[in-house]
Amino acid sequence: MPLRISPKLSIPDEEISETFVRSSGAGGQHVQKASTAVQLRFDAFASTALTDRIKMQLRAIAGQRMTDSGEIIIFAQQYRSQLRNREDAMDRLADLIREAAAPPPPVRRKTKPTKGSQTRRMDSKTKHGATKKLRSGPVSD
């Protein structure tokens, strides 16, 4: 079953490979004999499902998870179960691709203040300055 990113975007199973390895850290006999950790690999640059824009965005946001050849590697070992670790790795990959596929924010168009707003601002500053000048006491000679 393909990995659904959005209604229009899904990654075929053939493009994702998984390797199950033993988890590191404490855990006793279970950790020493069960391969519950998942190393998920997805070659983003060779993927036919992703557009060039998404691939470039992935390069920017994946960081150390992406190799120089464009392969994303996600290592999941948080849970005791192989199935839950596999789901966690798939969810993390989907979140990463969703973030890359999001449309860029609109670019702010620079505008100039209107002549009326400039005049109002200067009038306000002049009035404020005059008020402050009145607050100062009489000038002694």
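## A walk from helix α2 to helix α4

Start by selecting helix α2, residues 52-62: its buried residues are I54, K55, L58 and A62. Here, buried means under 20% relative accessible area, exposed means over 50%, and partly exposed is in between (1.4 Å probe, protein chains only). Now look down the axis of α2: the buried residues fall within an arc of 100°, so they line one face of the helix. That arc is taken from the directions from the helix axis to the C-beta atoms. Why does that work? An α-helix has 3.6 residues a turn, so residues three or four places apart point the same way.

Before you go on, a word about what's on your screen: this is a predicted model, where local features need pLDDT of at least 70 and side-chain atom pairs count only at pLDDT 80 or more, while totals for chains, interfaces and linings use all residues. Residues are numbered from 1 along each chain as its sequence is written, and side-chain values use heavy atoms, with hydrogens and water left out. Helices (H or I, at least four residues) and strands (E, at least two) are DSSP runs, numbered from the N terminus.

Next, color D52, M56 and A60, the exposed residues on the face of α2 turned away from its buried side. What do the buried residues of α2 pack against? Show β5 (71-76) and α3 (82-101), and you have both partners; contact means heavy atoms within 4.5 Å. Just after α2, click on G63, which has a positive phi, near 65°.

From β5, bring up the rest of its sheet: three strands in the order β3-β4-β5, open, with antiparallel pairing. β3 (16-21) and β5 are at the edges with a single partner strand each, so each has one side without a neighbour in the sheet. Strands count as paired if DSSP finds at least two bridges between them. Between β3 and β4 (residues 37-43) there are six. To see one, select F20 and its bridge partner in β4, V38.

Keep V38 on screen and add N85, in helix α3. Is N85 buried or exposed? It's buried, with a relative accessible area of 0%. Leaving out residues up to four places away in sequence, N85 touches several others, including T36, V38 and Y79. Its side chain also reaches the backbone nitrogen of Q78 at 3.2 Å.

Last stop: R120 in helix α4, residues 115-135. R120 is exposed, with a relative accessible area of 58%. Draw a line from its C-alpha to that of P138: they are 18 residues apart in sequence and 30 Å apart in space.

How values were computed. Polar contact = N/O pair within 3.5 Å; in protein donor to acceptor, adjacent residues only side chain to side chain.
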